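Here's a quick briefing to read alongside the model. Have the sequence and the 3D view open, and start at the ligand.

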Amino acid sequence: MSRVYNFSTGPACLPECVLEEIRDEMLEYGTSGQSVMEMSHRSKVFEGILHETESTLREIMQIPDNYKVLFLQGGASQQFAAVPMNLMLNRVADYINTGNWTKKAIQEAKIFGKVNVVASSEDRTFSYIPDLTDLPYSEDADYVYICQNNTIYGTRYPELPDTKGRILVSDVSSMFVSEPLDVSRYGVIYAGVQKNAGPGGLVVSIIREDLIRDEVLPGTPTMLKWKTQADADSLYNTPNCWAIYVCGKVFKWIKNMGGLEVMKEKNEKKAGLFYDYLDNKSSLFKGTVEKGSRSLMNIPFVTGDADLDKAFIAECDKAGIVNIKGHRTVGGMRASIYNAMPYEGVVKLIEVMEKFEKEHA
Ligand SMILES: *Cc1c(COP(=O)(O)O)cnc(C)c1O
């Protein structure tokens, strides 16, 4: 067996010890005589898995009691519609546009009401987080929407906007459980788990209880009403049991390591090493994001020459470094260094970069 260093934006690498545990439980989970994949979602055993996954997440994120945790399907993209359907009662919402994922969310919200883009960084290919002071929020906005870590462009909010009491909704897909968040500052936080916590097809939505309402927009399908899902404890229909199980293992791995403060330190150490190389050591490679807006998770970088980029990506492949090609709108490369990417993976990547740089000086 030879495992690669997978720098993919998602689905992404998982902690090897978690994969091993899952392998060991593949044919029989506990003393159930069956795999989690084969189990009834209404069985006592699976209920135990679901509750443990939720309670571990609540513990590591310190989620206050007045927030519900929902395990839903349709990925983060489905929440682009669920958010306005559940919250846009005045049919007005404010969005900050920081990349493709907010563009998609905006497009979806426009189906349901008026969308005001109160700030945007599109003028410079989303390479920064806009200035958040005194934004022109709408008087009657049902919520203010942000994407807190922009997977494609490699930006992350250095701080949260002051929404002046308006409900803050945040897509945290690519920074989920990578650092502590003050949950009480948000109305809704959601994340597709395939970036940082598990396999694809599961979205975790953390929603303040008073926002889980009977009154939603007319025409909202039963499945998209947060109330339906909350009342059924995420078991209205068959959930993605397998992904919930794997996430539970990953949350426990984080807890055992010391929690999100420790996770953040590890992530800062990895990202710090890489940014230091780009900023201070390399004369060939450079980062594309403004310093105050940089992500700890996704780091786009370029040589400035498309042919060299291509040659470098081929060199990476040979060295067992995969999925490092950048998004077509940025070009170049992108290293996604989520929780499960070991420090050694970043060291290895830098070694390959150094070697490439020498050979192409
Ligand atoms: C990946 C990603 C999504 C889309 O997730 P799906 O689960 O594939 O729908 C949405 N937002 C952000 C920030 C992402 O990184």
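By class, the shell around the ligand holds four nonpolar, six polar and two charged residues. The classes work like this: Ala, Val, Leu, Ile, Met, Phe, Trp, Tyr, Cys and Pro are nonpolar, Asp, Glu, Lys and Arg are charged, and the others, Gly among them, are polar. Keep in mind that this is a predicted model, where local features need pLDDT of at least 70, side-chain atom pairs count only at pLDDT 80 or more, and totals for chains, interfaces and linings use all residues. Numbering runs from 1 along each chain as its sequence is written, and side-chain values use heavy atoms, with hydrogens and water left out.

**Around the ligand**

- The residues around the ligand (a heavy atom within 4 Å of it) are Gly 75, Ala 76, Ser 77, Phe 80, Trp 101, Cys 147, Asn 149, Thr 151, Asp 171, Ser 173, Gln 194 and Lys 195.
- Helix α3 (residues 75-87) gives the largest share of that shell, with four residues; helices here are DSSP runs of H or I with at least four residues, strands are E runs of at least two, and both are numbered from the N terminus.

**Polar contacts and cover**

- For polar contacts, look for pairs of N or O atoms within 3.5 Å.
- Lys 195 puts a side-chain N or O atom 2.5 Å from a ligand oxygen.
- Gln 194 has a polar side-chain atom 3.0 Å from an oxygen atom of the ligand.
- Ala 76 uses its backbone instead, with an N or O atom 3.0 Å from a ligand oxygen.
- On its own the ligand has 380 Å² of accessible area (Shrake-Rupley, 1.4 Å probe), and the protein covers 87% of it.

**Helix packing**

- α3 turns up again here: its axis and that of helix α4 (residues 100-109) come within 9 Å and cross at roughly 40°. Axes are lines fitted to C-alpha atoms over the stretch in contact, with angles from 0 to 180 degrees between N-to-C directions.
- That pair is therefore oblique, the label left once angles under 35 degrees (roughly parallel), over 145 (roughly antiparallel) and 65 to 115 (roughly perpendicular) are taken out.
- Helix α8 (residues 306-318) packs on helix α9 (residues 343-359) at about 130°, with the axes 10 Å apart, so α8 is oblique to α9.

**Backbone oddities**

- The Gly 10 to Pro 11 peptide bond is cis, with omega near -10°, and Pro 11 sits in the loop between β1 (5-6) and α1 (16-24).
- Phe 126 isn't a glycine, yet has a positive phi of about 55°; look for Phe 126 in the loop between β4 (114-120) and β5 (144-147).

Conventions. Polar contact = N/O pair within 3.5 Å; in protein donor to acceptor, adjacent residues only side chain to side chain.
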